[in-house]
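Trainee: I have a model open and would like to practise reasoning from values to labels. Could you go through it with me?
Mentor: Gladly; let's have a look together.

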Amino acid sequence: ILASYREDELARTHPLRTLRRRLEREQLLRTIALGPLNTAAIEEIVGQLVDDEPGRRTAIARDLHDSSDGNPFFLSEVIADEREAGALDDIARCWQRRRASLDALPSLTSTLGARLDRLSARARSIAEVAAVIGRSFSAELVREVSGGDERSTLDSLEELVDRRLVREVDAAGTDFAF
């Protein structure tokens, strides 16, 4: 069995911590603590995305590492932002960096803000309603709270799924999570 969690998000009294300590005492658990990605790991990711020459991939990886501090979530958001802004061309498999220098590196807030700004007004509104509801939510509750019709709500949720801001958590496409 493989389990993954963020240690800093669990209270000291959380049942998972108790289970982990018990399994460690019984020597039934192997823990692998993951840290941030290093530049070499990010360069491997860049190599999967683009066919640029090795020196350019290294420069892109350094820039991405500096932008994300190696945080995998932030890295994925920066890459998604670059893709949506047209800097990362998946078809041509090349990367046209938008920033001339590292002086204007984005924060996580500005990266997410830029991604949200590219949403339609209705999808942005649905995302805001869903965020107030919580980490996971149903399409029906979002529709009720937003006051929209079913088709418009589902179209907006589909846009959020396409942009990978939310994901479907059931096969019927009625429950979602950030």
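Trainee: How many strands form the open sheet, and in what order?
Mentor: Keep in mind that this is a predicted model. Its open sheet is formed by 3 strands in the order β3-β5-β4, with antiparallel pairing.

Trainee: What makes β3 and β4 edge strands?
Mentor: Count their partners: β3 (136-138) and β4 (167-168) each have a single partner strand, so each is left with one side that has no neighbour in the sheet.

Trainee: How do you know that β4 and β5 pair?
Mentor: Pairing requires at least two bridges between the strands. β4 and β5 (residues 175-177) have 2 bridges, in the antiparallel sense, so the requirement is met. As one detail, Arg167 stands opposite Ala177 in β5.

Trainee: Which helix packs on the sheet, and which strands does it touch?
Mentor: That is α7 (residues 139-146), which touches β3 and β5. The direction of α7 makes about 75° with that of β3.

Trainee: Let's turn to the loops. What is notable about the phi of Gln27?
Mentor: Gln27 has a positive phi, near 55°, and is a residue other than glycine. You will find Gln27 in the loop between α1 (15-25) and α2 (39-49).

Trainee: Why is Gln27 called exposed?
Mentor: The label needs a relative accessible area over 50%. Gln27 has 71%, so the label exposed applies.

Trainee: And where is Asp69, and what is its phi?
Mentor: Asp69 is in the loop between α3 (54-68) and α4 (72-84). Its phi is positive, about 55°, although Asp69 is not a glycine. With 61% relative accessibility, Asp69 counts as exposed.

Trainee: Now the charged pairs. How many salt bridges does the structure hold?
Mentor: There are 12 salt bridges.

Trainee: What makes Arg20 and Glu24 a salt bridge?
Mentor: The nitrogen and the carboxyl oxygen must lie within 4 Å. For Arg20 and Glu24 the closest N and O atoms are 3.6 Å apart, so the pair qualifies. Both belong to helix α1, 4 residues apart, which puts about one helical turn between Arg20 and Glu24.

Trainee: Why is Arg20 called buried, and what is Glu24 called?
Mentor: Buried means under 20%. Arg20 has a relative accessible area of 18%, so it falls in that class. Glu24, at 37%, is partly exposed.

Trainee: How do you know that Glu26 and Arg22 form a salt bridge?
Mentor: Their closest N and O atoms are 3.4 Å apart, and the limit is 4 Å, so they count as one. Glu26 is partly exposed at 42%, and Arg22 is partly exposed at 37%.

Trainee: What about Glu77 and Arg115: which parts does this pair tie together?
Mentor: Glu77 lies in helix α4 and Arg115 in helix α5 (residues 108-117), so the pair ties together parts 38 residues apart in sequence. The side chains meet in a salt bridge at 2.4 Å, N to O.

Trainee: Are these two buried or exposed?
Mentor: Glu77 has 7% relative accessibility and counts as buried. Arg115, at 2%, counts as buried as well.

Trainee: Which residues are joined with them in one network?
Mentor: Salt bridges with shared partners join Glu77, Asp81, Glu84, Arg115, Arg118 and Arg163.

Conventions:
Residues numbered from 1 in each chain as written. Predicted model: local features only at pLDDT ≥ 70, side-chain atom pairs only at ≥ 80, totals over all residues. Heavy atoms only, no water. Contact = heavy atoms within 4.5 Å. Axes fitted to C-alpha atoms, helices over the stretch in contact; angles between N-to-C directions. Buried < 20%, exposed > 50% of the residue type's maximum accessible area, 1.4 Å probe, protein only.
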